Amino acid sequence: MISKKIAEDLRNASFIRAMFEEGEKLRRTYGPEKVYDFSLGNPDNKPPEKVKKTLKNLILEDNPNLHAYMSNAGYPDVKAKVAAHVQNESGISLTGENIIMTCGAAGGLNVALKALLDPEDEVIIFAPFFVEYLFYVGNHGGKGVIVPTIKDTFEPDPAELEKHLSSKTKAIILNSPNNPTGVVYNEKILGEIAKVLEAAEKKFNTTIYVISDEPYTKIVYDGVKVPSLLKAFKNAISINSFSKSLALPGERIGYIAVSSAIDNWKLLIDAMTFTNRTLGFVNAPALFQKVIAEALDEEVDTSAYLKRRDMLYNHLISLGFECVKPQGAFYLFPKALIPDDVEFKNRALKYNLIIVPGKGFGCPGYFRLAYCISQKTIENSLEAFTKLAAEFR
Ligand SMILES: Cc1ncc(COP(=O)(O)O)c(C=O)c1O
């Protein structure tokens with residue numbers, strides 16, 4: 001009855017649903033406080049006060065246009081404010097014309113891919129990757145090409161990238177800070193990637209767009225600065241959202257910033273404005289465009305995430321796990337204690353630990369822990385990790 005492609009996608013995505021159901025079963029049996037669910041990247045902290053205040057004021061204002069349709073790219077005044085903010089952060093000159101307001105980063109990624117891809121065009125994705133990328137590329141007829149990252153650091157590997165580029169490569173997706181590894185890409189590695197891309201563009205006489213998926217740029221630790229990809233790449237399309245930075249994932253608000261250095265960038269903006277409409281988003285949520293315009297300099301308190309990262313990371317290292325120390329986002333991606341990460345996930349379940357096998361992120365042999373859950377749950381989970389590790393000594 002349903003499409004063959006969606007039937008196949010459903011099979012590939014079934015592990016997410018299965019994990020959710022396993023979690024529910026454990027919670028029913030043992031009670032929610034005895035289940036340590038590290039599976040979902042749903043921020044547990046609250047939006048900043050400014051967000052709530054702005055929301056209240058907007059509703060009380062009684063503006064008759066507050067809930068109306070607008071340009072498919074978003075409110076001009078909001079786009080101008082977002083442009084000034086991105087310009088300030090990236091050092092790249094932008095105006096409201098460079099911006100499209102979107103339904104989160106997920107909406108933005110689909111809008112960009114729809115505007116760019118012809119059938120069979122290739123999109124480079126570095127593994128491990130955000131689970132949805134392959135589906136998003138597939139949504140628009142493209143083909144995801146998975147490229148391994150550098151062993152032990154999870155940084156994109158310029159040499160591997162070079163091997164996988166072809167005349168069909170239309171775009172690469174970069175995600176820094178990264179889900180699932182928490183790695184932040186430094187300027188040196190970005191410079192090396194830029195050189196590889198420029199050489200490929202010359203060789204194949206093509207343009208390769210860099211789609212920078214950036215929802216975690218505000219969640220960083222240890223004073224790390226996230227280099228701007230708009231600055232690092234000529235053909236950069238930056239896609240960001242307020243899901244994590246303002247803890248508003250359910251409100252579906254984000255934006256695309258297109259670099260003016262892209263040849264014919266205004267045509268790309270027109271195409272994305274059109275795809276925002278025809279994919280059925282029509283426009284980003286009106287009310288939350290207005291809210292974020294007043295809260296662009298706000299961010300959630302990352303000190304709570306930092307505490308949780310340190311507690312969990314230090315404990316895992318003390319137990320002998322190998323893990324890159326994340327500089328951003330709220331995930332750890334340790335190596336499983338046996339090569340079979342799915343079996344390792346099953347063994348963890350015995351201790352009520354819900355973890356996600358690396359296989360789902362295109363990187364078998366590892367597992368992901370989302371530590372955007374309460375400090376108390378993390379504290380309570382430590383003993384369970386100790387017991388799990390003891391099984392493999
Ligand atoms: C890497 C990455 N990209 C995109 C998204 C989607 O974010 P949004 O809620 O802004 O659509 C997520 C959400 O978890 C993510 O981790």
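**Figure 1. Packing of helix 3 against helix 11 in the predicted model.** Helix 3 (residues 49-61) packs on helix 11 (residues 286-293) at an angle of about 130°, and their axes are 9 Å apart. This angle makes helix 3 oblique to helix 11. The crossing in which helix 3 passes helix 11 is right-handed.

**Figure 2. Residues at the contact of helix 3 with helix 11.** From helix 3, the contact is made by Val51, Thr54, Leu55 and Leu58. Helix 11 contributes Leu287, Lys290 and Val291. By class, the residues of this contact are 5 nonpolar, 1 polar and 1 charged. The polar residue is Thr54 of helix 3, and the charged residue is Lys290 of helix 11.

**Figure 3. Packing of helix 5 against helix 10.** The axes of helix 5 (residues 104-116) and helix 10 (residues 265-278) are 8 Å apart, and the two helices pack at an angle of about 120°. Helix 5 and helix 10 are therefore oblique to each other. Helix 5 and helix 10 form a right-handed crossing.

**Figure 4. Residues at the contact of helix 5 with helix 10.** On the helix 5 side are Val111, Ala112, Lys114 and Ala115. They meet Leu268, Ala271, Met272, Thr275 and Asn276 in helix 10. The contact of helix 5 with helix 10 has 6 nonpolar, 2 polar and 1 charged residues. Lys114 of helix 5 is the charged residue, while Thr275 and Asn276 of helix 10 are the polar ones.

**Figure 5. The two domains of the chain.** Domain 1 is assigned to 4-47 + 301-390, and domain 2 to 49-293. A distance of 26 Å separates the C-alpha centres of domain 1 and domain 2. Their contact takes 27 residues from domain 1 and 30 residues from domain 2.

**Figure 6. The side of domain 1 that touches domain 2.** Which elements give two or more residues to this side of domain 1? They are helix 12 (303-318) and strand 9 (331-332). Helix 12 gives the most, with 3 residues. Divided by class, the side of domain 1 that touches domain 2 has 14 nonpolar, 9 polar and 4 charged residues.

How values were computed
Residues are numbered from 1 along each chain as its sequence is written. This is a predicted model: local features need pLDDT of at least 70, side-chain atom pairs count only at pLDDT 80 or more; totals for chains, interfaces and linings use all residues. Axes are lines fitted to C-alpha atoms, for helices over the stretch in contact, and angles run from 0 to 180 degrees between N-to-C directions. Helices (H or I, at least four residues) and strands (E, at least two) are DSSP runs, numbered from the N terminus. Angles under 35 degrees count as roughly parallel, over 145 as roughly antiparallel, 65 to 115 as roughly perpendicular and the rest as oblique. A crossing is left-handed if the near helix is turned anticlockwise from the far one by less than a right angle, and right-handed if clockwise. Two residues are in contact if their C-beta atoms, placed from the backbone, lie within 7 Å. Domain bounds come from an automatic or database domain assignment.
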